[in-house]
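Colleague: I have a model open and a few questions about how it is put together. Can we go through it?

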Amino acid sequence: MKLVSIPKDKYDEYRIDLMFDAYKWDPQFFDSNTIAKQALVITDEEHKELERLTEQLDEETRKAEDLLNKNLKLAKPLALPKKIYKELKKMKNYDPDKHIRLMRYDFHPTIEGKWAVSEVNSDVPGGFAESSIMPQMAIDVLNEKSYWYKNFGDILTNAIIKKVKAKGTIVLVHCTSYSDDRQVMQFLGDKLKQLGFRIIYAAADHLRFKNQEAFSILDGNEGKVDAIIRFTPLEWLIDIKPKHWEGYFDTITPSCNHPIAIFAQTKRFPLVWDQLEKQGIRLSTWRQLLPETVEVKNAKHKNDYIFKPACGRVGEKISIKEACKEDEYRKIMADVKKYPKKYLAQKKFNSKPLISEEGESFHVCLGSYSVEGKHAGYYARISKLPRIDSYAADIPVLIEKGKNNK
C-alpha cells in the first residue's frame, strides 16, 4: 500500500473535473480540502486479502442480523432507540432475496502490519461516485496502465437490475436539503436512468405504504413505486413528524437498504456476539479484526480505550484525544458520562500512517464494499490525524495489476 501523488501541474484541473464530472460537489469542509492530492495504490495481494476478509465479514454479519431478526430478545444489548425497537417486530417478513443488501467495512492498516476494522457502515454507506468515477480519472491523470479498479457503481446497478423490474420506478430517498446527500443520489440516479428506469428524487416522508407496498405522493410523480434506494439514516428517519416512516420496516417493495441493517449499524453490535455464538453464529473474522468492544462502565480508568457514539457517523464524537479540536474532547467525555448507553468503549488500535512522496504523513481508512455478499470495490479517505472524520480527504483507490491480469 502506498500513496502516489497526482502531478502538481495537473492537480487543479483534476480537482475541477471531479467537481463537474464526478459529482464531487463538496470539495471543501470549512477550510479543509476534501480531495486528496494523491491516489491510494494497493497491491494485488492486499486486494485479494481485503476481498476475502470483506466477504467473510459480510457472511457473518448477514447471518447475525438474520438470527437477531428472528430472536429480538437477543438484540436488547444494542440499546436501539425505542421508536425503532418497537417497529422491529414488523420485519418478520424480511426476505433477503427480495431486497438489495449493501455494506461497507472500514479497514485500517496498523503498525503491527495487520488490518483493523473500525466498523461496518451497514445502513446507508456513501462514497458512490468516489469509488466509481474518481479512480478512472486518477488513472487517466497519472497516465498509468499498470493500475485498475473495481467500479462500485456498475456492481451496485447490476444488483438492482436483477431485483427490480425493467423500466420500473425507483425512488431515491435522501435528505433533500443536503447537497452532499444529493450528489450520491444524483450519481446513482443518472446511471439508473441510462438503464431505462424512471427515477424520483424524494425525501423519506414522500412515500406512503399500503398493503406493504410503497407509493409516491410527490406532485406529478404519484403512484406505486418498484424500488426504494434509501440514503436517509434510520435514526434520522424516525424523527419524521407526523409519522410516515413505519412502512419502511415491513415493505415488500425491493429496498436498498432494508431496515434490517440497523442491527449491525449500531456500534454496539459486538455486545451481542457472545449470545449469537451460543446460537451457532460464527463471528471469528469479526473477532480477528475489530478491537475489543465493551460497555462504557467496563472501560473506566483504562487509558487504552476510546469512546464512540453508537449511532455516530463520519467519525463524529470519537474520543481520540490527539485528534480532537479545542475543547471537543472534554465535551465528548461529559456526554459519555451523561449518556453511557449511547456510547461504547473500544480498545484503541495503532493506525500506521503512510508517507506521501512529499514526505507528509497520512492515516488511512479503506472502506471495502459488499453488494449481495460479494466484494464490490473501495472508498477511502485520508487524514493527517488518526481520526477519519469530516475533515478527511477522499482519495481514489487503485489496484496494482498482478501477474495474471497484466
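Modeller: What follows is a walk through sheets, helices, cysteines and some backbone details of this predicted model.

Colleague: Start with the sheets. What is the strand order in the open sheet of four strands?

Modeller: The order is E9-E8-E13-E14, and the pairing is parallel. Strand E9 (198–202) and strand E14 (255–256) are the edge strands, each pairing on one side only.

Colleague: Which helix packs on that sheet?

Modeller: Helix H6, residues 179–194, packs there and touches strand E8 (169–173), E9 and E13. The direction of H6 makes about 170 degrees with that of E9.

Colleague: And how many bridges join E13 to E14?

Modeller: Two bridges join strand E13, residues 227–230, to E14. In one pairing, isoleucine 228 has serine 255 in E14 as its bridge partner.

Colleague: Alanine 227 is in E13 too. Buried or exposed?

Modeller: Alanine 227 lies in strand E13 and counts as buried, because its relative accessibility is 0%, against a cut-off of under 20%.

Colleague: What does alanine 227 touch, apart from residues up to four places away in sequence?

Modeller: Alanine 227 touches Val164, Thr169, Ile170, Val171, Thr253 and Pro254. Alanine 166 is 61 residues from alanine 227 in sequence, and their C-alpha atoms are 11 Å apart in space.

Colleague: Next, the open sheet of three strands. What is its order, and how is it paired?

Modeller: The order is E15-E17-E16, with antiparallel pairing. Strand E15 (293–294) and strand E16 (305–309) are at the edges with a single partner strand each, so each has one side without a neighbour in the sheet.

Colleague: Where does threonine 293 sit relative to E17?

Modeller: Threonine 293 stands opposite glutamine 346 in E17. Two bridges join E15 to strand E17, residues 343–347, and these strands run antiparallel.

Colleague: There is also a hairpin of E5 and E6. Which residue in it takes a positive phi?

Modeller: Glycine 113, with phi near 80 degrees; the hairpin has five residues between the strands. Strand E5 (residues 102–109) and E6 run antiparallel and are joined by six bridges. Proline 109 has tryptophan 115 in E6 as its bridge partner.

Colleague: How many residues of E6 are buried?

Modeller: Seven of the seven residues in strand E6 (residues 115–121) are buried.

Colleague: Switching to helices. At what angle do H1 and H4 pack?

Modeller: Helix H1 (residues 8–21) and helix H4 (residues 134–142) pack at about 155 degrees, and their axes are 11 Å apart. That angle is over 145, so H1 is roughly antiparallel to H4. The crossing of H1 and H4 is right-handed.

Colleague: Which residues meet there?

Modeller: From H1, Lys10, Tyr14, Asp17 and Leu18; from H4, Met134, Met137, Ala138 and Val141.

Colleague: Cysteines now. How many disulfides does the structure hold?

Modeller: Zero.

Colleague: Why does cysteine 256 have no bond to the closest cysteine sulfur?

Modeller: Because that closest sulfur, in cysteine 175, is 16 Å away, too far for a bond. Cysteine 256 counts as buried, at 3% relative accessibility.

Colleague: And cysteine 365, how far is its sulfur from the closest one?

Modeller: The distance is 17 Å, to the sulfur of cysteine 324, which is also too far for a bond. Cysteine 365 counts as buried at 7% relative accessibility.

Colleague: Back to cysteine 256. Is the peptide bond to asparagine 257 cis or trans?

Modeller: The bond from cysteine 256 to asparagine 257 is cis, with omega near -5 degrees. Asparagine 257 is in the loop between E14 and helix H8 (262–265).

Colleague: What is phi of tyrosine 23?

Modeller: Near 60 degrees, a positive value in a residue other than glycine. Tyrosine 23 is in the loop between H1 and strand E2 (28–29), and at 17% relative accessibility tyrosine 23 counts as buried.

Colleague: And phi of glutamine 212?

Modeller: Phi of glutamine 212 is near 70 degrees, again positive in a residue other than glycine. Glutamine 212 is in the loop between strand E10 (207–210) and strand E11 (213–216), and is partly exposed with a relative accessible area of 34%.

Colleague: Last one. What is glutamate 235 in contact with, leaving aside its neighbours within four places in sequence?

Modeller: Glutamate 235 is in contact with Ile84, Asp123, Cys311 and Arg313. Glutamate 235 is in helix H7 (residues 234–237) and is buried, with a relative accessible area of 13%.

Technical notes
Residues numbered from 1 in each chain as written. Predicted model: local features only at pLDDT ≥ 70, side-chain atom pairs only at ≥ 80, totals over all residues. Heavy atoms only, no water. Pairing = 2+ DSSP bridges. Contact = heavy atoms within 4.5 Å. Axes fitted to C-alpha atoms, helices over the stretch in contact; angles between N-to-C directions. Disulfide = S-S within 2.5 Å. Buried < 20%, exposed > 50% of the residue type's maximum accessible area, 1.4 Å probe, protein only. Parallel < 35°, antiparallel > 145°, perpendicular 65-115°, else oblique. Left-handed = near helix turned anticlockwise from the far one by under 90°.
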